Amino acid sequence: MNSTRRTKLAATFTLTLSALLFGAALAQNPKSTFTVVRATQWGAANMNPFTPGDQHLLPTNSAIYETLFYVNSLNGKVTPVLGTKYTWSKDSKTLTVTTRSGVKWTDGRAFSANDAAFTFNYLKQYPALDTSGIWKSGLTSVKASNPTTLVFSFSAPNTPVFQYLANTPMVPQHLWKDVKDPATFTNAKPVATGPFVFESASQQAIRVLKNPNYWMPNQPYVDAVVWVSTSSNDAGLLKLLSGDVDYGYIGISDPKNYASKGPNNTYWWPTNNINFLYFNTVKAPFNDVGFRKAVAQAINTKDVALKAYAGAVPAASPSAIFPTQQADWLPASAKTSMPAFNAAAADAALTAAGYKKNAQGVRLGKNGQPLPTYKILVGAGWTDFITMAQVVGDNLKKVGINTSIDQQAWGSYSGGLQSGSYDMGISWGWGNGSSPYYTFNAAFNPEFSAPVGKTAPSNLSRYTNAAITKALKDFSTTSDKAAQKKAMTTIVSTVLKDMPWVPLTDRTQFSLYNTSRFTGFPSAANPYNDASPDDQPGARLMYLNVKPK
């Protein structure tokens, strides 16, 4: 063995030994532990970052593995992680990423752009892992031109795919090249670059410990993060109220009530999606623009939001653009053309559109026959959606339209929406992201539609419009913000004119905090992440930034 080889082995042994000793010391007595409550149980000890989120343990993609960038869905801000900068070529067909130097995997090996290139090509080799459809986006190759330069090549421009590239967890080539069946690989001893390393897991608790060789100086500020399981939202809430835990992603009806229970109880529920009333636009009378616009005008969305969420969540903008994205993306022209609730005007509009009332005040179809009772599809037991449907039904009854609430279990609910067998249905935007493009593309791109009876991936209303289709393409084929804003103006104005849906309420994240032991939580004043759940890449920023008091 030559001296260089011996020196490298000795250095590696020393690094590994010191990491093990440091980890052992933390395991015995971490000085600070940040505790997360999860209002559910989890499955087996799977830490494969490519398996769906409900199949791998919670720290996998939030504390152990890292991505190239973090894209904040609230405002589009890009935070460098394992990538430090990125640039699109003039024709938007080449994306060049500079990867971070000086980063080590937790086994002591150096991270490089070669690992990143391997990761993306691994998804191509095993398409079942490519759940974001990266290799269906026009991506043709991913190569490392040197240890810190990663080059993505596309057959056609598709700039919105950046969000999905940025969010892909990086894995070490020297270990994963030997994993031949990644779909069943449980990855019991994960080697990653993240701020924490896995220590232990049971059905009661999962613990990760601070990575002693993490690339960010002096961070994280805590020595351990622990997830504890509970059986319900109420049980998780009790742990927060008692101060036993520091954070929980828990859906409750009234976060203001939680905050009122003590000086350390805070919450942040930022909007990252919209709850919509979808119209089945291939079914009469919902195929009639005049009917849809009148129905939209008849719905008091402020009342819908107040009753569904006790005032904690506001009514949605008719534009369907999130509050934090309106400054960048809401066209000035749309601000004066958005419909407002007016029951009397809606009643008159229905008559003008050919839906008259008879002498008894019954609303008639254009054929002169009474309109049937229309079903509003919701998830069974989903109290917020059920309440929304009740308010919508009450509003429509005042203009002579009768409705009933159709509660269905998840399979029938999602299946009804996707197969086009419903009349009206309440659901969220089946695509969302760092700009309104993701919402509108998922909702109205013809590629995501299908004939009635076939499964539409996300175009639930089955509404398409040539102007929108072109604008979506214009938006996606450039990285020029001015050109994208022009395309967004076309999309928003066309949707407001045709009303294929009614934006009912904002749809929020559900982060609750107990600040008795830690500071540095994200908030509206400091939205360094998007309050995403405890198992998502955005939560990594919280685990990095919270500090013991």
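This passage describes a seven-stranded sheet, the helices lying across the sheet, and helix α15. The model is predicted, with local features requiring pLDDT of at least 70 and side-chain atom pairs pLDDT 80 or more, while totals for chains, interfaces and linings use all residues. Residues are numbered from 1 along each chain as its sequence is written, and side-chain values use heavy atoms, without hydrogens or water.

The sheet is open and its pairing is mixed. Its seven strands run in the order β8-β9-β10-β1-β11-β18-β12. Strands are DSSP runs of E, at least two residues; helices are runs of H or I, at least four residues; both are numbered from the N terminus. Pairing requires at least two DSSP bridges between two strands. β8 (196–201) and β12 (265–268) each have a single partner strand, so one side of each lacks a neighbour in the sheet. β12 pairs with β18 (511–514) in the antiparallel sense over four bridges. W268 stands opposite S511 in β18.

Two helices lie across this sheet. Helix α6 (233–242) lies across β1, β10, β11, β12 and β18, at about 30 degrees to β18. Helix α17 (537–545) lies across β1, β8, β10, β11 and β18, at about 145 degrees to β1. Contact means heavy atoms within 4.5 Å. Axes are lines fitted to C-alpha atoms, for helices over the stretch in contact, and angles run from 0 to 180 degrees between N-to-C directions.

In helix α15 (466–476), I468, A471, L472, F475 and S476 are buried. A466, K470 and K473 are exposed on the other side. Buried means under 20% relative accessible area, exposed over 50%, partly exposed in between (1.4 Å probe, protein chains only). The buried residues of α15 pack against α10 (326–329), α14 (437–444) and α16 (481–498).
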